[in-house]
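Here are two short exercises to try with the structure open. Have a go at each task before you read its solution.

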Amino acid sequence: MHIRLLVIIVFSSLLKLPVMPLPPAHAEVVPVGLGSYTNSLPVGAKDPASPGDKTDGVAPPLPTSDWWSSLLWTPFSEPQFPHPLAVRALAAGLQIYYPGDHIAVSKTGIVAGLAGGGQDFVLGHSHQAQFPKARLKHFSDWFVTTAFAAGGNRLDVTYGHGSPFVYALYAGGEARLTFATAPTVWSGNEQAAVLGISSVGHHYGLFGPTGASWEGLGTTTLTCHMAGKNYFSVALLPDNTPQTLAIFQRYAYAHVVDTRVGWKFDAAQSVVTTAYYFTTKAYEGQETNTLFALYPHQWRYRVPRPNVLPNAGYDSVRGRMRLQQGNQFTTMQSFPGVLPALPDAIASNAVAPNTVSKGAGSYDQAVLRQYVEEAANAKASPYKDTYWEGKYLGQLASLVPIAEQCGDTAAANRLLDELKARLQYWFTAETANGGGAKRNLFYYNRTWGTLIGYPASYGSDTELNDHHFHYGYFLQAAAEVARHDPTWADDAHWGGMVKLLVRDIASFDRNDPMFPLLRYFDPYAGHSWASGTAKFGDGNNQESSSEAMNAWTGLILWGAATGDTKLRDLGIYLYTTEMNAINEYWFDVHGENHPKDYAATEVAMIWGGKSVNETWFSGAPVPIHAINWMPFHGGSLYLGDYPNYVRRNYAALKAENGGEAWHQWADLVWMYEALADPADALRQFNAHLPNLPIEAGNSKANLYHWLYNLDALGQVDATVRADYPVYAVSQKAGRRHYVVYNMDAAPRTVTFSDGTKLAAKPHDWTLKIEGGKP
């Protein structure tokens, strides 16, 4: 225990960062460096509803955007999907169900919700048939405790990601389980504290305290007489054997009371080590370990350790979950690097002429400069809501390095000035003459501990949806400014406001008085959730995984540009973990997680209880695919880590679309295809000249630059890592291409895992090509 505590302290110490105290309750405009926000709701703006009495002793800031968030936004809850179990808070108690054997392919995707009402049974209270509501009692990084109370009768249930257990504490009564049909009892009897039962083909262990007995065997209602004790637990079993029941009984009385994640980035190896900790309380015996099931993105990268159930596990909509015992586990995942933009590989002296494909047209710097000038001289977009303003900021930010690379310093400066002006306008909560609030600003909501940008959109205000999508573009823009102007980015100027956005979407300090930990990121599921409320029958959801990656890319680049390694490493942890979750659950690049009869090559959106091949806004093939590619930037190369999958996914899209007549977002399709076949992408691009269809957040310059430079660089080579995080490696025609952007003012030598060394120029891209086959 002392060793484990030391490990937790070491990991936690890496996550400490001084934070601002709560703003004064009476202040309206709160200064932050040269910027400010308001803590007074702007006139005409909408606020998220207060949770009222939906918490039981839990103080703000309150978490949102979690798999269990509907508990705070409804009288009881919508279905929650911690996996392998599914649960729902009802007036009668906690409904418990195993959806793993009901996974089915539908016309819209993969369904694994609460089939047939999902009532394996309800865990309730012997002296309280109905409770008035369910409240949040406690939460940790991936566990939650739901409280039911009426007078002196109380039931607290604790459950979480990966756990086959549900733990219960009682006051004023005892455990009562209600089934739709009488369960089969295959182990134990009325005088046994422990029962092994099966209900609708699902196997459970019911663990009463020592000395407990049972009433109602053979009926639909089982009551555990708990011998004057208050603890009880239920476990989903992989099978109905006495041996398995005995193993689960060993851990059934060690209730999980806390869960914590810790991460560390090893820059020398470019590896993220993530540790997952369970803290238990033994109600009987001395056991301190528990049982937990790992998702594919965890077991694929887990550091091996002995296992009492080496072949046991559960099916889930995310794929096979593997059972493990202990009080912690660790994963190690490689970080593939990000860049501010692709290098200008064709203009670089490092690239030999024969590495550039000639059949699809030649790279014309004048054309690229023309596209940059068109964008730089275009009429500025009017200020919009946070999402569409963000898209515009992202477009401008992607143009700056391209303008630099093609030698158009004047255009780069104009674009940078526009970025600064727009960010500063948003980061100031009053008019220039101090005359009060204005239209585009940020407001801090004290109850939920969140920063809301107005005008809002897509429920980013009333339901706290999508902040990581919206603010990710702001982070990309701020990182690009910081790359050129470190003074602008310091806390005394505008950096403090940027860090507030970071803390809103992904604060890493557990003691942050203003924001909850990692609001949008689920550390156990390995990806973000978009809905603030999760008020859906299939739990929470996330559609555009690539916009989440856009946020983490912006955070990495911001940290690298400002020298803030804590924020940089936070971004690297989020980026690397979500990247692997995307490859497992959206793309299934290994072909192991989606059902065998699921014909599509990807899903557009994942939910707690299903995965669907549709978007919120369109059922057309291109948006269904491209919503998980956009926007394209220097952090998008992870999409090409598996070139064979890219080919397969592109071929599927082409078939679904009925050919190459792309009716929308053709630019995104070509940019994606270029990760595997840039020559064909260039063929299509040149066939459409001069009428280029461009998605709203993209630009002709970004499209042109991406296609031709990928044609020169070749395919992503994810097998090679660097000891500096702003890098990329690719390979073409048997030659490796090594790229580094050095954020520092001095040269640095970057060493790659294959032994290659690169002398990186300060504040510039450096490209090196090594001959010989990789």
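Thr766 lies in strand E37, residues 764–770 (strands are DSSP runs of E, at least two residues; helices are runs of H or I, at least four; both are numbered from the N terminus). We're working with a predicted model, where local features need pLDDT of at least 70, side-chain atom pairs count only at 80 or more, and totals for chains, interfaces and linings use all residues. Residues are numbered from 1 along each chain as its sequence is written, and side-chain values use heavy atoms, leaving out hydrogens and water.

**Exercise 1.** Work out where strand E37 sits in its sheet.

Step 1: Write down the strand order, which is E32-E33-E34-E37 in an open, antiparallel sheet of four strands (two strands pair if DSSP finds at least two bridges between them).
Step 2: Look at the ends. E32 and E37 each have a single partner strand, so they stand at the edges with one side lacking a neighbour in the sheet.
Step 3: Check the pairing. E34 (residues 735–742) joins E37 over seven antiparallel bridges, and Asn742 has Asp764 as its bridge partner in E37.

**Exercise 2.** Is His625 buried or exposed, and which side chains make polar contacts with His625?

Step 1: Find His625 in helix H12, residues 621–626.
Step 2: Check its accessibility. His625 counts as buried because its relative accessibility is 1% (buried is under 20%, exposed over 50%, partly exposed in between, with a 1.4 Å probe and protein chains only).
Step 3: List the partners. The His625 side chain makes polar contacts with those of Asn649, at 3.2 Å, and Glu656, at 2.9 Å. A polar contact is a pair of N or O atoms within 3.5 Å; within protein, one must be able to donate a hydrogen and the other to accept it, and residues adjacent in sequence count only if both atoms are side-chain atoms.
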